Amino acid sequence: MNLPSFLWLWKIAAWSMGLAIAAYFLLAIAGIWMRILRLKNQSYPQGLRLFHLAIGSILVFLVLLLLTVGIIGTLGYYGNLGHSPHLVAGILVVTLVLVSAGSALAIGKWEKARSLHLITNSILFFGFIFVSLSGWGIVQKYLP
């Protein structure tokens, strides 16, 4: 297939990645705020936990959208997957986000959930760097 037919797909990917990174940083700010309040034995402002869960849900949606766009775009353009380290980086980030979301939902039900959530999100920071750098290399292939 020719590239122009895929331009709309790459625009979705670019916006989704930018929004995913923004969501990650919003989650970090809200999460750090909640941790500080918890360590001080203070209650959260009304809606903070709900905000954190809502933005987390949006992040899950965005990374799954990115995975879908990446698979469709790569299969449509090349006919198969695995042309760069970006596939590994993408699967790593999707896995980390899903583990983070799952552990977040288990906080309060499972003793180690909060620790897993914090560790996963710390690793996710480097995952986003890896996927962004490898994705930038992919973008360069499609720019004139």
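Buried residues have under 20% relative accessible area, exposed residues over 50%, and partly exposed residues lie in between, with a 1.4 Å probe and protein chains only. The model is predicted: local features need pLDDT of at least 70, side-chain atom pairs count only at pLDDT 80 or more, and totals for chains, interfaces and linings use all residues. Residues are numbered from 1 along each chain as its sequence is written, and side-chain values use heavy atoms, with hydrogens and water left out.

**View 1. Helix α3 and the residue after it.**
Helices are DSSP runs of H or I with at least four residues, numbered from the N terminus. The buried residues in α3 include Ala89, Gly90, Val93, Val94 and Leu96, and also among them are Val97, Ser100, Ser103, Ala104 and Ala106. The expected span of a helix is 1.5 Å times one less than its number of residues. For the 21 residues of α3 this gives 30 Å, and the end C-alpha atoms are 30 Å apart, which agrees. Gly108, which follows α3, has a positive phi near 95°. Val88 is also in α3, but it is exposed, with a relative accessible area of 55%. The C-alpha atoms of Val88 and Ile36 are 34 Å apart, with their positions 52 residues apart along the chain.

**View 2. Helix α2 and His52.**
The 31 residues of α2 reach 44 Å from first C-alpha to last, close to the expected 45 Å. Its buried residues include Leu48, His52, Ile55, Gly56, Leu59 and Val60, and further along Leu62, Val63, Leu66, Val69, Gly73 and Thr74 are among them. Gly79, just after α2, takes a positive phi of about 90°. His52 belongs to α2 and counts as buried at 15% relative accessibility. Contact means heavy atoms within 4.5 Å. Not counting residues up to four places away in sequence, His52 touches Leu27, Ala30, Gly31, Met34 and His117.

**View 3. The largest nonpolar core.**
A nonpolar core is a set of buried Ala, Val, Leu, Ile, Met, Phe, Trp, Tyr and Cys residues joined through side-chain atoms within 4.5 Å. The largest one has 22 residues, and those with the most contacts inside it are Leu59, Val93, Val97, Leu124 and Phe128. Two or more residues of this core come from each of α1, α2, α3 and α4. Leaving aside neighbours within four places in sequence, Leu59 is in contact with Ala20, Ala23, Leu27, Val97 and Phe128. In soluble globular proteins, nonpolar side chains tend to be buried together.

**View 4. The largest pocket.**
On a 1 Å grid over the protein atoms alone, a pocket is an open set of points where a 1.4 Å probe fits, with protein on both sides within 12 Å along at least five of seven lines; lining residues have an atom within 4 Å of a point. Grid points are joined across faces, edges and corners, and a volume is the space filled by probe spheres set on the points. The largest pocket holds about 950 Å³. Its lining has 34 residues, of which Ala13, His86, Gly135, Ile138 and Val139 are the closest to the centre. Elements giving two or more lining residues are α1 (7-39), α2 (48-78), α3 (86-106) and α4 (113-142), and the largest share, eight residues, comes from α2. Ala, Val, Leu, Ile, Met, Phe, Trp, Tyr, Cys and Pro count as nonpolar, Asp, Glu, Lys and Arg as charged, and the others, Gly among them, as polar. By these classes the lining has 24 nonpolar, nine polar and one charged residues.

**View 5. The second largest pocket.**
This pocket has a volume of about 740 Å³. Of its 28 lining residues, His52, Ser100, Ala104, His117 and Asn121 lie nearest the centre. At least two lining residues come from each of α1, α2, α3 and α4, with α1 supplying the largest share, eight residues. The lining divides into 16 nonpolar, eight polar and four charged residues.

**View 6. Ser134 in helix α4.**
Ser134 is found in α4 and is buried, with a relative accessible area of 14%. Apart from neighbours within four places in sequence, Ser134 is in contact with Pro85, His86 and Ala89.

**View 7. Gly31 and Asn41.**
Gly31, in helix α1, counts as partly exposed at 24% relative accessibility. Asn41 lies in the loop between α1 and α2 and counts as exposed at 73%. Asn41 is not a glycine, yet its phi is positive, about 55°. The C-alpha atoms of Gly31 and Asn41, ten residues apart along the chain, are separated by 15 Å.
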